[in-house]
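Some questions about a protein model follow, each with a short answer. Look at the sequence and the structure before reading on.

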Amino acid sequence: MKKVIFTLFALMISVSTFAQFERDTYYINTSFSKVGLSFSGQSKLSLAGTATAGLFIEDNWAAVGEVGIDYGNKHLQEFTAGAGLRYYILQNGIYLGASGRYVHSNFRNIEGGNYNDLQVKAEVGYAYFLSRTVTIEPAVYYSQSFKDQDYSQVGFKLGFGFYF
């Protein structure tokens with residue numbers, strides 16, 4: 001009898017824990033994809049971050065918008081802005097994301113300097129809940145460039161999400 005009660009209790013807790021993926025839930029995330037600190041003369045600080053905000057438009061489906069920067073060698077290297085969708089699989093925290101984004105880059109080491117690009121980004125991540133509303137979200141992403149294959153990116157990012 002104790003096992004049955006404990007099992008039912010655990011099931012109720014696990015179902016209520018993932019209520020964050022329901023319609024009309026707001027989502028905010030800050031993530032870092034590249035953090036580096038070096039003591040050489042060539043590169044002092046390198047930091048890439050993204051701020052994401054969204055709204056669950058249906059259960060397990062979130063519409064998101066994102067803004068990101070890549071800062072390195074004492075100046076802004078890249079600015080990104082985009083929008084997309086996320087789908088949370090079976091409310092277990094694993095999600096698939098797809099978005100389109102605009103990229104303005106200011107790399108000093110590329111011949112010609114600045115460039116603008118449109119990219120399609122796909123990502124797979126996991127929302128690990130630290131509490132009912134706070135998550136740690138590691139993700140792997142791929143951004144396909146329409147300008148040049150050399151500007152496409154594969155990467156890993158780590159973020160903190162807030163669901164309310």
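A salt bridge is a side-chain nitrogen of Lys or Arg within 4 Å of a carboxyl oxygen of Asp or Glu. The model discussed here is predicted.

Q: How many salt bridges does a search of the whole structure find?
A: A pair counts when the nitrogen and the carboxyl oxygen lie within 4 Å. One such pair is E123 and K157, with 3.2 Å between the closest N and O atoms. Searching the whole structure in this way gives four.

Q: Which residue forms a salt bridge with R23?
A: R23 sits in the loop between α1 and β1, and its partner is 35 residues away in strand β2. The partner is partly exposed, with a relative accessible area of 42%. The closest N and O atoms of the pair are 3.7 Å apart, and the partner is E58.

Q: Are E66 and K121 buried or exposed?
A: The side chains of these two residues meet in a salt bridge, at 3.6 Å from N to O. E66 belongs to strand β3 and K121 to strand β6 (residues 115–126), so the pair links parts of the chain 55 residues apart. Under 20% relative accessible area is the cut-off for one of the two words, and E66 and K121 are both buried.

Q: Which strand holds K157, the partner of E123?
A: Both residues of this salt bridge are buried. E123 is in strand β6, and K157 lies 34 residues away from E123. The strand that holds K157 covers residues 153–163 and is β9.

Q: Which residue has a side chain in polar contact with the side chain of S145 at 2.4 Å?
A: S145 lies in strand β8 (residues 134–145). Its relative accessibility is 5%, so S145 counts as buried. The side chain of S145 also reaches the backbone oxygen of D148 at 3.1 Å. The side-chain to side-chain contact at 2.4 Å is with D117.

Q: What is the relative accessible area of N60?
A: N60 lies in the loop between β2 (45–58) and β3 (61–72). Its phi is near 75°, a positive value in a residue other than glycine. N60 is buried, because its relative accessible area is under the 20% cut-off. The value is 13%.

Q: Is D24 buried or exposed?
A: D24 is found in the loop between α1 (2–17) and β1 (26–37). Like N60, D24 has a positive phi, about 70°, although it is not a glycine. Its relative accessible area is 52%, and exposed means over 50%. D24 is therefore exposed.

Q: Which element of the protein chain has the lowest mean pLDDT?
A: The protein chain has one helix and nine strands, and the helix comes at the N-terminal end of the order. The highest mean pLDDT, 94, belongs to strand β5 (residues 94–105). Over residues 8–18 the pLDDT stays under 50, and this stretch has five contacts beyond four places in sequence. The lowest mean, 48, is that of α1.

Q: What share of the residues in the protein chain reach a pLDDT of 70 or more?
A: The mean pLDDT of the chain is 80. Over residues 37–42, however, the pLDDT is below 50. Where pLDDT is low, the predicted coordinates should not be read in detail. The share that reaches 70 or more is 74%.

Notes
Residues numbered from 1 in each chain as written. Heavy atoms only, no water. Helix = DSSP H or I, 4+ residues; strand = E, 2+ residues; numbered from the N terminus. Buried < 20%, exposed > 50% of the residue type's maximum accessible area, 1.4 Å probe, protein only. Polar contact = N/O pair within 3.5 Å; in protein donor to acceptor, adjacent residues only side chain to side chain. pLDDT = per-residue confidence, 0-100. Contact = heavy atoms within 4.5 Å.
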